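Student: Could you take me through one part of this protein up close? I'd like to look at the place where the metal sits.

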Amino acid sequence: MAEAFICDAIRGYRRPRPETQPPYLFPFYASTVKRAPTKPLVLLPHTLTEVTGPLFGTDEVRPGDSDLTLGHKGQPIGERIIVGGRVLDENGRPVPHTLIEIWQANAAGRYLHKVDTHDAPTDPNFTGCGRALTDAEGRYRFVTVRPGAYPWLNHPNAWRPAHIHFSLFGPALCTRLVTQMYFPGDPLLPLDPMFTSVPDEAARNRLIAALDWQATVPQVAIGYRFDIVLRGREQTLLEKPS
Ligand SMILES: [Fe+2]
């Protein structure tokens, strides 16, 4: 009985709205052909396992972790940028103290990874990984360099637009989000099967950061704003009158 009571009290998270997420199978993005499920998915109800998640204390993320230009002997090559914004849920509420991890290629379009054999230089002063916790209002801020475009083998003469990978946990395991941030005006965007796999145009454009003049630091770095919306609860609890 106790277990049934807990399950009844659990409010799940909304399922993604149609067209806002890329389909599992998108043949122009060749890897999806291999990994897309071939059988219909089984929809499972949310239980305590899905609506809770890992918590990260401030002592596990150091302030310097959000500045990818630090931590090496010298300065990385490339255009300095600041990427910041807010993490909100679908109800517009900030998601505080949640972990954001990013990873990216260097300014030449090369990852510091053994399987990246792209003929472009690595940078001894750039690792390309960072992390931060959002503050009480859901804000975050990274300092990094603008990543370069890089070729891949999806189709002949395929190039990924410049992008930064993002991973967010949010308050629950089913709010976990792995996505990519793109730059405004990139001419490679309409040719990119990952970007174009999102059917809904408005959802697709939410993947593009906006130039943020307020965050731009004169003589130092251009700012970009990238707000991220995680799933909200299925039901909004009504506040009790006091
Ligand atoms: Fe990438």
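Tutor: Sure, let's start with the metal site and then visit two loops. First, a heads-up: this is a predicted model, where local features need pLDDT of at least 70 and side-chain atom pairs count only at pLDDT 80 or more, while totals for chains, interfaces and linings use all residues. Residues are numbered from 1 along each chain as its sequence is written, and side-chain values use heavy atoms, with hydrogens and water left out.

The iron ion has these protein donors, 1.9 to 2.2 Å away: Y111 (OH), Y150 (OH), H163 (NE2) and H165 (NE2). Donors here are N, O and S atoms within 2.8 Å of the metal (3.2 Å for Na, K and Ca); water is not among the atoms, so sites may look incomplete. Along the chain, the donors are spaced as Y-x38-Y-x12-H-x1-H. Y150 belongs to strand β5 (residues 150-152) and H165 to strand β7 (residues 163-168), so this pair ties together parts 15 residues apart in sequence. Strands are DSSP runs (E, at least two residues), and helices are too (H or I, at least four), numbered from the N terminus. Both Y150 and H165 are buried, meaning under 20% relative accessible area, with exposed being over 50% and partly exposed in between (1.4 Å probe, protein chains only).

Now the loops. H97 sits between β1 (80-89) and β2 (99-103), and its phi is positive, near 55 degrees, though it isn't a glycine. H97 is partly exposed, at 48% relative accessible area. E19, in the loop between α1 (2-9) and α2 (31-35), also isn't a glycine and has a positive phi of about 80 degrees.
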